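This briefing walks through a single protein model, moving from its strand pairings to its helix packing, its main pocket and one residue of the N-terminal part. Please keep the sequence and the structure in view while reading.

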Amino acid sequence: MVIVWAAGVERELWSHRCSWEDLLLPTVVDSGRGDLDQREGWTRRWTATWRYAGGEVVSPVANLAEIPIAGRGSMRWFSWRRAQRHRPGLEYLVSTGRMHGYESLEEARLLLVLDFAADLVDVLSQPLKLRFRTTNGWREHTPDFLVVTRTGVCLIDVRPVGLIKDEDRESFAAAAEAALVSGWNYVVAAEWRPHVLITIGELSAQRRPLSDPLDVQPGLLAQAAERRPFGELAAGSVCEPVARAHLLHLLWNRRLGVDLRERLEDCSPVVAGKQAA
């Protein structure tokens, strides 16, 4: 089944415990698989095209996992022009230390979530062009991202749930099959849990390295062990404005945790994270 990751509503979503897939709402797009031509030998007939070492490489889907991920380039350029209908750009990720291309604001938001919650190693935008056969003939699809994390590799498509059409479901199903053959995960990022993007946007304001000349972080970490509200932690520090910046920084780096099912506010409980001493 091809779905956006569906965690139960009752599942704990503390930011230091959840993975990025936990932050998505379920969206089933499995109906597209019915028109795929997957007769015997389809993994040899379907192909994928990569940019590698300055040129294009075409391989059967069966051999996708054999091509090194390092050294691959994007299949498309991220360009800007007047009157274009989408919003491309470059997003800096702390996890990789590089800029990464995106073609829409939805893709930019996904990159921010990956930087926060995916244990990210590397990201490749527009990583490959998949050529697959359906009952109506050959089609092509370019997934949005190939993501390497500390737990594995994931192929990702981004499309707001209200914009998913039948042909998109067919493309997503084909990408999911190609990922399965390669031993990768596959995710369609279509709809986020309420408040997730707002909260991660607030945390990202302090995601870069932050010095601590007033030595406020040890006190914040110690108090958070008692599960204190965000505003109370900040107010109890030697300098509240500085403490607020450091709280966001500690939350981004998962040394503290908040419940991502709710928007981050002064009343939000803060707990010690997985990296807290």
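Strand β7 (residues 129–134) runs antiparallel to β8, and five bridges join the two. The model is a predicted one, and the points below are grouped by topic, beginning with this pair of strands.

**The β7–β8 hairpin**
- β7 and β8 form a hairpin, with two residues between the strands.
- Within this pairing, R133 has W138 of β8 as its bridge partner.

**The four-stranded sheet and its helices**
- Four strands make up an open sheet in the order β6-β9-β10-β11, and the pairing in this sheet is mixed.
- The edges of this sheet are taken by β6 (120–125) and β11 (185–189), each of which has a single partner strand, so one side of each is left without a neighbour in the sheet.
- From one strand to the next, the twist of the sheet averages 25 degrees.
- β10 and β11 run parallel and are joined by five bridges, and C154 stands opposite N185 in β11.
- Helix α2 lies across β6, β9 (145–149), β10 and β11, and runs at about 155 degrees to β10.
- Helix α3 lies across β10 and β11, running at about 155 degrees to β11.

**The three-stranded sheet and its helix**
- A further open sheet has three strands in the order β12-β14-β13, with antiparallel pairing.
- Here β12 (228–229) and β13 (256–257) stand at the edges; because each has a single partner strand, one side of each is left without a neighbour in the sheet.
- β13 and strand β14 (residues 269–272) run antiparallel and are joined by two bridges, and the bridge partner of L256 in β14 is A272.
- Helix α5 (residues 217–224) lies across β12, β13 and β14, and its direction makes an angle of about 100 degrees with β14.

**Packing of α4 against α7**
- Two packed helices are described by the angle between their axes and the distance between the axes.
- For helix α4 (residues 196–203) and helix α7 (residues 240–252), the axes come within 8 Å and cross at roughly 115 degrees.
- The contact brings I200, E202 and L203 of α4 together with L248, L251 and W252 of α7.
- By class, the residues of this contact divide into five nonpolar, no polar and one charged.

**The largest pocket**
- The volume of the largest pocket is about 660 Å³.
- This pocket is lined by 22 residues, of which E103, E107, D144, V158 and R159 are the closest to its centre.
- The elements that give two or more residues to the lining are α2 (105–117), β8 (137–141), β10 (152–158) and α3 (166–182).
- Among the contributors, α3 provides the largest share of the lining, with four residues.
- In terms of residue class, the lining has 13 charged, five polar and four nonpolar residues.

**Residue S31**
- S31 is found in the segment before α1 (42–45).
- Is S31 buried or exposed? S31 counts as exposed because its relative accessibility is 58%, and exposed means over 50%.
- S31 and E240 lie 209 residues apart along the chain, and their C-alpha atoms are separated by 53 Å.

Terms used:
Residues numbered from 1 in each chain as written. Predicted model: local features only at pLDDT ≥ 70, side-chain atom pairs only at ≥ 80, totals over all residues. Heavy atoms only, no water. Pairing = 2+ DSSP bridges. Contact = heavy atoms within 4.5 Å. Axes fitted to C-alpha atoms, helices over the stretch in contact; angles between N-to-C directions. 1 Å grid on protein atoms, 1.4 Å probe; cavity = no way out; pocket = protein on both sides within 12 Å on 5 of 7 lines; lining within 4 Å. Points joined across faces, edges and corners; volume = space filled by probe spheres on them. Nonpolar A, V, L, I, M, F, W, Y, C, P; charged D, E, K, R; others polar. Buried < 20%, exposed > 50% of the residue type's maximum accessible area, 1.4 Å probe, protein only.
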